[in-house]
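User: I'm new to this structure, and I'd like a close look at one part of it. Please start from a single side chain, then walk me through whatever helps me find my way around.

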Amino acid sequence: MNLFRLFGDMSHLASILLLLYKIQTTRSVRGLSFKTQALYVTVFVTRYLDLFYDYVSLYNSVMKTFFITSSCYVLYLMKKKYRPTNDPSIDTFRVEYLLGPCVLLSLIFNYRFTFAEILWSFSIFLESVAILPQLFMLQRTGEAEAITTHYLAALGAYRALYIPNWIYRYWMEDQVDPIAVTAGIVQTALYVDFFYVYFTKQYLSEHIRYTPHTSTKTCKTAQNWIIEVEFKIHGDTAHLYGDGLAMWLTTTRTQPGPVFGSVDNFEGLGIFLDTYANTRHSYSFPRIVGMLGDGKTPYDQAGDGQKDSLGGCSANLRRTNVATKLRVSYVKDKLLSVKAQYRAWDDWVECFTIRDISLPSAPYLGFSAMTGDTLKNRLTLCNSIISVTTYSAILSSPEKQRNKLLGTESVVASTFLWTLLKIVGVLAVLAGLFYAYKTYVLKQSVGRGFSDAFMGRGGGGMSAFYTDAKRF
């Protein structure tokens with residue numbers, strides 16, 4: 001086995017291990033495209049049917065088995081175990097536009113018109129475009145966790161390394177597989193834009209991962225901004241979840257203290273996700289409460305912040321079936337809006353809106369949590385900040401509202417149609433070139449079948465490992 005092939009396989013293996021590591025450590029599948037993962041399951045299952053009737057080597061069989069089982073396991077994690085963290089509203093790529101052309105190409109371009117060979121050709125063509133739902137999702141959201149981009153980079157490197165592998169095999173072994181080569185070039189080309197962004201680090205947003213019961217900070221300098229926080233409140237009991245979480249936008253850095261894990265008498269904005277009532281109220285808990293501190297007024301612990309509250313709302317933030325999120329929007333000296341997602345995907349419930357409000361300029365953004373007396377009972381309670389995303393808000397004039405521009409639907413439709421036409425055009429050109437090359441080779445080959453003319457000479461030993469077309 002040449003080194004290009006080995007490094008390509010190891011890069012493919014590393015991409016899957018990175019993906020599983022990301023899911024298990026964050027306990028979330030946020031930012032991953034379910035459709036891309038489903039397409040990869042289809043690719044591996046249709047390609048590796050020869051596991052049941054054609055033994056090549058132990059390495060070959062182990063790798064094929066691992067790719068099938070790991071891809072199915074990822075689907076299980078996304079659909080079952082971590083389903084609440086999967087947001088289908090942003091995974092909207094129409095996979096039928098990929099499946100249809102791949103089926104057609106596999107019926108036209110194959111080495112033998114048999115069921116197994118057609119499925120293999122289909123898997124090769126489908127793998128070349130299976131990443132498109134993930135890339136479109138990345139482009140749509142404009143951000144991703146760092147480890148997700150590492151997964152995509154390793155996946156792209158896997159195919160990129162196969163190109164020198166094919167060149168090596170052509171010169172050293174007199175073998176070429178035009179179907180795999182053509183599809184591999186298309187697949188690598190799809191990664192070109194992503195690789196540019198990956199290495200210039202422009203796709204990485206201010207995306208921060210926090211561990212439970214800790215705090216962090218960052219400095220916001222934009223005058224108008226939006227902060228979106230995904231969090232999870234969970235534990236071993238259905239009733240006690242600690243005191244809660246707090247989000248801070250203050251003039252000083254967060255320090256340990258009695259107010260949801262941070263100091264009292266703060267100056268700036270505190271938003272509290274209070275999960276435990278210290279006294280009786282007419283409203284239910286959990287509750288989201290906002291307070292604008294002046295640096296002198298203490299937090300009303302006994303009354304759960306009601307005394308100096310800017311506003312608040314009751315929100316069932318525990319044991320939800322969707323990802324729980326908090327969105328805070330601020331327009332300098334004009335408006336503060338707090339919304340929460342906990343009932344359904346992209347269903348933002350308005351908690352409170354305050355007008356004519358001023359927050360500290362360039363405040364520190366911090367998070368803290370407190371478990372209260374629950375740890376004394378040895379209960380496993382966890383308040384987790386999964387991700388934090390920040391945006392600079394751009395205001396539009398009343399006459400030209402950005403969400404009310406005429407013709408927006410037609411622009412989106414035409415953009416998608418143009419992208420689709422480009423993909424179809426590239427596939428058509430490649431198909432034409434491949435057909436011309438196929439016709440030329442058939443005319444030049446004397447006494448050899450189509451498969452022999454393309455796949456090269458057979459042989460024993462290690463050459464048998466390569467002459468089988470069904471590679472990784």
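## Starting from one side chain

Analyst: Trp171 counts as exposed because its relative accessibility is 66% (exposed is over 50%, buried under 20% and partly exposed in between, with a 1.4 Å probe and protein chains only). Keep in mind that this is a predicted model, where local features need pLDDT of at least 70 and side-chain atom pairs count only at pLDDT 80 or more, while totals for chains, interfaces and linings use all residues. Residues are numbered from 1 along each chain as its sequence is written, and side-chain values use heavy atoms, with hydrogens and water left out.

So where does Trp171 sit? Look in helix H7, which covers residues 146-173 (helices are DSSP runs of H or I with at least four residues, strands are runs of E with at least two, and both are numbered from the N terminus). Trp171 has company: together with Phe4, Ile167, Tyr168, Tyr170 and Met172 it makes up a nonpolar surface patch, with about 690 Å² of accessible area in total (Shrake-Rupley, 1.4 Å probe, only the protein chains shown counting as cover). To join such a patch, a residue needs over 30% relative accessible area and no salt bridge, with nonpolar side chains linked within 5 Å and like charges within 9 Å; a salt bridge puts a side-chain nitrogen of Lys or Arg within 4 Å of a carboxyl oxygen of Asp or Glu. H7 is the biggest giver here, with five residues in the patch.

Now for the other side of the story, in helix H2, where you'll find Arg47. Arg47 counts as buried, because its relative accessibility is just 1%. Its side chain makes a 2.6 Å polar contact with the side chain of Glu127 (a pair of N or O atoms within 3.5 Å, one able to donate a hydrogen and the other to accept it within protein; residues adjacent in sequence count only if both atoms are side-chain atoms). The C-alpha of Arg47 is also 6.4 Å from that of Leu119, although 72 residues separate the two along the chain.

Helix H5 spans residues 115-129, and its 15 residues reach 22 Å between the end C-alpha atoms, close to the expected 21 Å (that's 1.5 Å times one less than the number of residues). Because 13 of those 15 residues are buried, H5 is largely enclosed by the rest of the structure.

Back in H2, which runs over residues 34-47, have a look at Thr46. Thr46 has 14% relative accessibility, so it counts as buried too. Its side chain has a polar atom 2.7 Å from the backbone oxygen of Thr42, and it also reaches the backbone oxygen of Val43 at 3.1 Å.

Finally, swing over to the strands. S5 (residues 267-274) and S6 pair antiparallel through eight bridges (DSSP must find at least two for a pairing), and one of the matches is Gly268 with Gly293 of S6. On to S7 (residues 309-314), which is joined to S6 by five bridges, again antiparallel; there, Met291 has Ser309 as its bridge partner. Six of the eight residues of S6 (residues 287-294) are buried, so the strand is largely enclosed by the rest of the structure. Thr275 sits in the loop between S5 and S6, and because its relative accessibility is 4%, it counts as buried. A polar atom of the Thr275 side chain lies 3.4 Å from the backbone nitrogen of Gly244.
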